[in-house]
Amino acid sequence: MSQGPRSGLAAVSSALLAMSRHLEVRDVLKTIVASARELLDAQYAALGVPDDHGGFAQFVVDGVTDEQWKAIGPLPRQHGILAAMLQEARPERLADVRRDPRFEGWPAAHPDMSDFLGLPIRDGDEVIGALFLANKNCAKPEGGCGFTEEDEELLAILAQHAAIALTNARLYERSRELTIAEERSRLAHELHDAVAQKLFSLRLTAQAATALVDRDPSRAKGELQQVATLAAEAADELRAAVVELRPAALDEDGLVATLRTQIQVLDRAHTARVTFTSHGVRALPAAQEEALLRVAQEALHNALRHSGAQHVDVTLLKRGPDTVLRVTDDGTGFDPTAIRRAGRHLGLVSMRDRASGIGGALTVESAPGKGTTIEMEAPGG
């Protein structure tokens with residue numbers, strides 16, 4: 001909750017900087033409301049984002065406890081003064097909101113409010129929200145509003161920057177959704193190519209075993225053993241896909257913890273031993289952590305699916321000013337000079353693109369029968 005009034009350019013600057021720090025829409029909304037209430041020294045503040053059905057997609061308050069908010073009940077509809085903010089798209093400064101002819105009351109548990117200041121939040125010609133303040137913490141002039149014309153001008157500045165922050169947060173969330181959709185689409189193709197082929201082979205082998213069981217039991221036994229092997233491989237493919245579908249909790253846990261958790265799951269899901277060590281790596285910018293994670297996932301996928309490795313080791317360490325990711329396996333290896341074949345089958349082009357996209361570099365060491373080491377160097381950390 002906000003603690004007392006603040007004034008001047010420093011207070012405005014602090015409020016605007018606070019809004020720009022967040023990328024999640026909900027966090028941006030909370031910051032806007034808290035900043036507005038503190039900046040204008042109001043008892044209550046709220047921000048509503050409309051939906052397309054006469055209600056609010058989101059409604060954030062400050063100055064009301066969680067218990068009070070639960071007692072108030074469902075989100076408000078777009079009526080009365082709330083509707084005026086969104087439909088007429090003009091500021092409202094009232095001495096007593098309860099005396100306005102558009103006022104339609106509020107739930108029994110709703111706090112009592114009198115003087116009121118509200119402004120629409122606009123992105124161009126579109127109203128994307130409405131910001132409300134109530135009960136200015138000051139002596140009210142007789143029959144007048146505690147909120148002044150200066151307060152209205154200050155809130156208008158805040159609303160303009162709130163529109164930018166809210167639009168940026170929406171774009172960020174949309175971008176993240178598209179990235180997730182692209183990853184899921186890629187996995188769907190991989191599942192079709194890998195698991196579907198395994199299941200097709202499984203069905204053919206089972207049919208062969210059925211045909212042989214009476215006339216050649218020993219061959220039928222061999223076919224059934226192959227069925228068991230194919231079923232285990234298909235299960236491994238599905239487990240690996242499920243692990244990769246889980247969103248990486250980089251924001252909450254960081255790169256080291258996220259990698260450790262995913263590798264522990266892969267170690268349990270596969271017959272190969274998968275290990276992870278980290279030495280002195282601190283937090284990195286979000287783009288670099290995501291690039292390192294994706295390269296690690298791709299390299300692990302290659303090692304566990306294609307190399308026949310018995311042991312895969314992932315290491316994250318500091319090298320001078322840089323962070324180095326190293327994925328080493330003891331599998332069959334390949335000829336790195338066969339760029340076209342390797343790039344198509346092992347995702348090396350994608351990994352190199354991820355590395356170069358953050359100013360890093362990717363190196364590959366491998367030879368037939370000698371295993372593979374993929375190393376990515378990222379600046380910082």
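Trainee: Does Cys145 count as buried or exposed?

Mentor: Burial is judged by relative accessible area: under 20% is buried, over 50% is exposed, and values in between are partly exposed, using a 1.4 Å probe and the protein chains only. Cys145 has 15% relative accessibility and therefore counts as buried. Before we continue, please note that this is a predicted model, in which local features need pLDDT of at least 70 and side-chain atom pairs count only at pLDDT 80 or more, while totals for chains, interfaces and linings use all residues. Residues are numbered from 1 along each chain as its sequence is written, and side-chain values use heavy atoms, with hydrogens and water left out.

Trainee: How many disulfides does a search of the whole structure find?

Mentor: A disulfide is a covalent bond between the sulfur atoms of two cysteines. The criterion here is a pair of cysteine sulfur atoms within 2.5 Å. The search of the whole structure finds zero.

Trainee: Why is there no bond from the sulfur of Cys138 to the closest cysteine sulfur?

Mentor: The closest cysteine sulfur to that of Cys138 belongs to Cys145, and the separation of 8.2 Å is too far for a bond. The relation holds from the other side as well, since Cys138 has the closest cysteine sulfur to that of Cys145. As for its surroundings, Cys138 is partly exposed, at 33% relative accessible area.

Trainee: How many salt bridges does the structure hold?

Mentor: Side chains of opposite charge can pair when their charged atoms come close. A salt bridge requires a side-chain nitrogen of Lys or Arg within 4 Å of a carboxyl oxygen of Asp or Glu. By this rule the structure holds 16. One of them joins Arg90 to Glu88, with an N to O distance of 2.9 Å. Arg90 is partly exposed, at 43%, and Glu88 is also partly exposed, at 37%.

Trainee: Which residues are linked in a network of salt bridges?

Mentor: The network links Glu88, Arg90, Glu92, Asp100 and Arg102. A further salt bridge pairs Arg99 with Asp96, whose closest N and O atoms are 3.6 Å apart. In that pair, Arg99 is exposed at 71% relative accessibility, whereas Asp96 is buried at 17%.

Trainee: Which residue forms a salt bridge with Glu375?

Mentor: The partner is Arg326, with the closest N and O atoms 2.9 Å apart. Glu375 belongs to strand S10 (residues 372-379) and Arg326 to strand S8 (residues 322-329), so this salt bridge ties together parts 49 residues apart in sequence. Glu375 is buried at 16%, and Arg326 is partly exposed at 26%.

Trainee: How many helices and strands are there in the chain?

Mentor: Both are DSSP runs numbered from the N terminus: helices are H or I runs of at least four residues, and strands are E runs of at least two. The chain has 10 helices and 10 strands. Of its 381 residues, 43% are buried. A contact means heavy atoms within 4.5 Å; among contacts between residues at least 6 apart in sequence, 62% join residues at least 24 apart.

Trainee: Which residues in helix H10 are buried?

Mentor: In H10 (residues 348-357), Leu348, Met351 and Ala355 are buried. These three lie on the same side of H10, because they cover an arc of only 65° around the axis. The arc is taken from the directions from the helix axis to the C-beta atoms. Just after H10, Gly359 adopts a positive phi of about 80°.
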